[in-house]
Structures are given as C-alpha cells and as structure tokens.
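Here is a short tour of the model you are about to see. Keep the viewer open, and feel free to follow along residue by residue.

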Amino acid sequence: MTSTLGATPAAPPRATHAGLALLALAMGGFAIGTTEFVTMGLLPQIAEGVDVSIPTGGHLISAYALGVVAGVPVLALFGARLPRRALLIGLMAAYGLFNVLTAVASSYHLVLVARFLDGMPHGAYFGVASLVAASLAPPGRTGRWVAAVMLGLSFANVLGVPAATWLGQQAGWRAAYAAVAVIAAVTVAMILAFVPSCPGDAEATGRRELSSFMRNGQAWLTLLAGAVGFGGLFATYSYIAPIVTDVGDLGEGTVPVFVLAFGLGMVAGTWLAGELAAWSVFGSLIWSGVGSAVVMLVFWLVAPYGWWLLPVVFSVTALGSILVVNLQLRLMDVSGDAATLGASMNHASLNAANALGAWIGGVTIAAGYGYRSPALAGFGLSLLGIAVLLWSAVAHRRGATAEASTS
C-alpha cells in the first residue's frame with residue numbers, strides 16, 4: 001500500500017477527531033448504499049408506479065450502475081487536482097439533488113434518466129473517500145480504515161435499505177428517495193464539520209492519470225474480475241422481492257427481512273475483509289470467489305423453501321463484501337500514478353457487475369426460466385471472475401520473471 005499512497009504529493013493533515021472524520025466519510029457510503037439497493041427492495045412498487053413490467057423495471061437498476069461506470073472516469077480525471085474535501089462535498093450534494101429528481105420524476109423514462117444521473121457521483125465518492133481514509137489511518141491500519149468507509153454502505157443495508165423499503169411500501173416508493181436526499185444533506189454537513197482540508201494531487205492531469213491507467217494490465221484485470229465475478233450477487237439481489245414472494249411463497253411484508261439479511265451479510269463480510277487483507281489481499285479475492293460460486297448453487301436449490309433462504313442470502317453478501325474491499329485495496333496498490341482514477345474505478349467495475357447481473361437475471365426470467373434462474377447465472381459469473389483473477393496472477397508472475405531476467 002505504501003507505493004500507492006506515497007504517490008500522493010501531499011498528505012492531508014490528520015483530523016483532530018479522526019474517528020468523526022471517518023464516520024462522516026462512512027455516512028456518505030450509508031446514503032449511497034441506501035439509494036442504490038432500495039430500488040431492488042421496492043422494484044414491484046416502482047414498476048407498478050411507472051406502469052412497466054418487473055423485468056423492464058430492472059433496467060432502472062442497470063441505469064444507476066451505468067451512471068456509476070460513466071461518471072467515474074469523468075469525475076476522477078477532472079477532480080484529481082481538486083481539494084478532496086471540497087470534491088467529496090460536491091459529489092454528495094449532487095447525489096442528494098438527483099435523488100430529489102428521482103422522487104419527483106413523472107414517468108418511467110424520467111426515472112430512468114434520474115437513476116443514471118444519480119449513479120454518476122457514486123464511484124468517485126468512494127474512491128476519494130478511500131484515499132482520504134487511508135491518509136488519515138494510523139500506521140498499519142490502512143485496510144481497516146478503507147473497510148470502515150465501506151461499512152457505511154454495509155450498514156445501509158442493515159438500517160437504511162430495510163427502513164427505506166418499509167417507508168416506500170407505506171408512503172409510496174418516491175418517499176424512499178426523498179429520505180435519502182435528506183441523508184445526503186446530513187453527510188455534507190458532517191464532512192464540512194469533521195473532515196480536514198485535504199489537498200488534491202497538484203501535478204495530476206487527466207492525460208497523465210488516464211495514460212498511466214490505460215497501460216496498467218494488472219489494474220484492468222482487477223477491474224474485469226470485479227465486473228464479472230461480482231455480477232452474481234446482483235443477479236440474485238435485483239430480483240429478491242419476487243424470489244421471496246413468488247418462489248418462496250412468503251408475504252410481501254417479509255421482503256425487508258431478507259433485505260436486512262443482505263445488509264447483515266455485508267457488515268460481517270466488510271469487517272472480515274479488513275482482517276483478511278492483513279493476511280493476503282489476493283488470497284482473499286480467490287477464496288471469496290470460490291465461496292460465492294458455491295453459495296449461488298445453494299441459493300438456487302433452497303429458494304423454494306421460504307425462510308431456509310435467509311442464511312443463504314446472508315452468505316451471498318458476506319462473501320461479496322470480502323471481494324469488494326479487497327478489490328479496492330488491490331486497485332489502490334497497483335494503480336501507481338493514477339491513484340484517484342484507480343481508487344474510483346473499483347466502483348465502476350462493481351456497478352458494471354450490477355448492470356450485468358441485473359440484465360442477465362432479467363433475461364433468464366423473461367426467457368421463462370423462473371425467478372430463481374439468476375442464481376445459476378451468478379454461479380457462472382463467479383467462476384469467470386475466479387478465472388480472471390488466476391489470469392492476473394499468471395500475468396504478474398510472468399512480468400516479475402521477465403523483469404528479473406533483464407535486471
């Protein structure tokens with residue numbers, strides 16, 4: 001990690017209350033996680049509200065994910081030189097604004113555009129927040145502090161998403177997005193109050209960051225592993241509401257309980273990821289991928305058995321969260337001079353997985369294979385993700401051997 005962080009030209013001053021600064025950064029993750037995942041819990045209500053089918057409504061999830069993918073390179077490249085606290089405030093303010101736009105949009109296509117725009121600040125926020133957290137971390141605790149930023153997203157799935165899902169069911173789905181806009185405003189206030197002034201990279205240019213990143217084979221293979229291997233989680237999570245009600249034969253009121261299980265799995269997995277990173281970042285990626293493949297098969301088998309699916313749902317996101325944090329750490333380590341872009345691109349990769357998983361899940365359902373069929377697609381995606389990671393390991397070993405032979 002020292003090579004990546006050392007590339008930053010000036011370390012920000014340590015916060016007087018570093019714990020509160022970390023909490024402020026994590027609160028942004030809480031806002032982002034709530035609005036990203038509540039769409040899945042409220043998908044039937046949203047689809048009915050804008051007069052489309054559930055598979056078509058799934059495109060709203062993909063639109064958000066594509067917004068993340070589109071927003072990361074633009075915001076990371078042009079924002080690399082900006083003071084990092086100011087950039088975080090701007091990103092979170094935009095996030096709140098686009099949630100308001102979602103809440104007031106009057107048609108499916110307007111909601112689709114609003115979800116795309118809302119996704120744009122997502123990846124850049126997490127990338128910059130991770131760099132700020134790493135710079136504030138005590139020696140030897142970088143992985144844990146970066147994981148703590150991600151815990152905001154995880155706790156969103158324990159508290160924010162179930163609460164917003166319930167609110168959307170009771171007061172209409174638009175109320176959920178309005179509530180997230182309020183959380184975003186609170187986050188802006190907390191960042192202003194607690195996060196110290198953090199300079200950007202004064203020497204950064206879009207051309208330098210992009211050129212450095214484009215030539216980085218390990219960074220691209222890491223992104224590909226995330227985009228493919230993480231897709232299985234979204235293939236199942238995107239359709240969790242109809243899986244629970246139509247396949248598991250449970251009532252609509254049980255959906256928030258399954259959403260809560262997803263969130264608890266994220267919290268457990270994110271905490272464990274910070275500990276496993278001290279053992280081996282790459283080893284954690286491989287074993288979480290293997291575990292994800294196994295759990296996808298179990299998901300398909302037990303989906304018709306109602307409450308028996310609950311621990312499987314927990315396991316899906318626990319393993320997925322180990323993958324997320326260690327992908328972030330690996331990108332920060334291998335991105336070299338493109339620190340801001342590399343740290344942000346992890347979430348572009350993961351939301352490419354979001355779009356891919358939601359789309360493949362919708363395709364299998366529309367083809368008549370049933371609501372649990374996305375789990376089998378997720379099994380295949382997990383195996384592909386493992387294959388990409390092994391490819392990365394082989395490429396790294398060959399590169400190290402070639403470098404040693406020429407020196």
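F234 counts as buried, because its relative accessibility is 2% and the cut-off for buried is under 20%. Please keep in mind that this is a predicted model. F37 is buried too, with a relative accessible area of 2%. These two residues are a handy place to start looking around.

**Aromatic pairs and a cluster**

- The structure holds 7 aromatic pairs.
- In one of them, F37 and F234 are stacked, because their ring centres are 5.9 Å apart and their planes meet at 5°, while stacking calls for planes under 30 degrees apart.
- F37 sits in helix α2 and F234 in helix α11 (residues 231-237), so this pair ties together parts that are 197 residues apart in sequence.
- A second pair to look up is Y125 with F126, which is edge-to-face, at 6.0 Å centre to centre and 80° between the planes.
- Both partners of that edge-to-face pair are covered: Y125 counts as buried at 1% relative accessibility, and F126 is buried with a relative accessible area of 0%.
- Which residues join F37 and F234 in one aromatic cluster? They are F230, Y237 and F262.

**The largest pocket**

- If you want to find the largest pocket, look for its lining residues L22, L23, A26, M27, F30, A148, L151, G152, F155 and L159.
- About 170 Å³ of space lies in this pocket.
- Which helices each supply at least two residues of the lining? They are α2 (18-41) and α7 (142-171).
- Helix α2 therefore turns up in two places on this tour, since it also holds F37 of the stacked pair.
- By class, the pocket lining has 9 nonpolar residues, 1 polar residue and no charged ones.
- The polar one is G152, because Gly is counted among the polar residues here and G152 is part of the lining.

**The protein as a whole**

- The protein has 17 helices and 0 strands.
- Of its 407 residues, 59% are buried.
- Among contacts with a separation of 6 or more, 85% are between residues 24 or more positions apart.
- The accessible surface comes to about 15,200 Å², and carbon and sulfur atoms account for 70% of that area.

Definitions and conventions: Residues are numbered from 1 along each chain as its sequence is written. This is a predicted model: local features need pLDDT of at least 70, side-chain atom pairs count only at pLDDT 80 or more; totals for chains, interfaces and linings use all residues. Side-chain values use heavy atoms; hydrogens and water are left out. On a 1 Å grid over the protein atoms alone, a cavity is a set of points where a 1.4 Å probe fits but cannot get out, and a pocket is an open set with protein on both sides within 12 Å along at least five of seven lines; lining residues have an atom within 4 Å of a point. Grid points are joined across faces, edges and corners, and a volume is the space filled by probe spheres set on the points. Helices (H or I, at least four residues) and strands (E, at least two) are DSSP runs, numbered from the N terminus. Buried means under 20% relative accessible area, exposed over 50%, partly exposed in between (1.4 Å probe, protein chains only). Contact means heavy atoms within 4.5 Å. Accessible areas come from the Shrake-Rupley method with a 1.4 Å probe; for residues, only the protein chains shown count as cover. Rings of Phe, Tyr and Trp (its six-membered ring) pair if their centres lie within 6.5 Å; planes under 30 degrees apart count as stacked, over 60 as edge-to-face and the rest as tilted.
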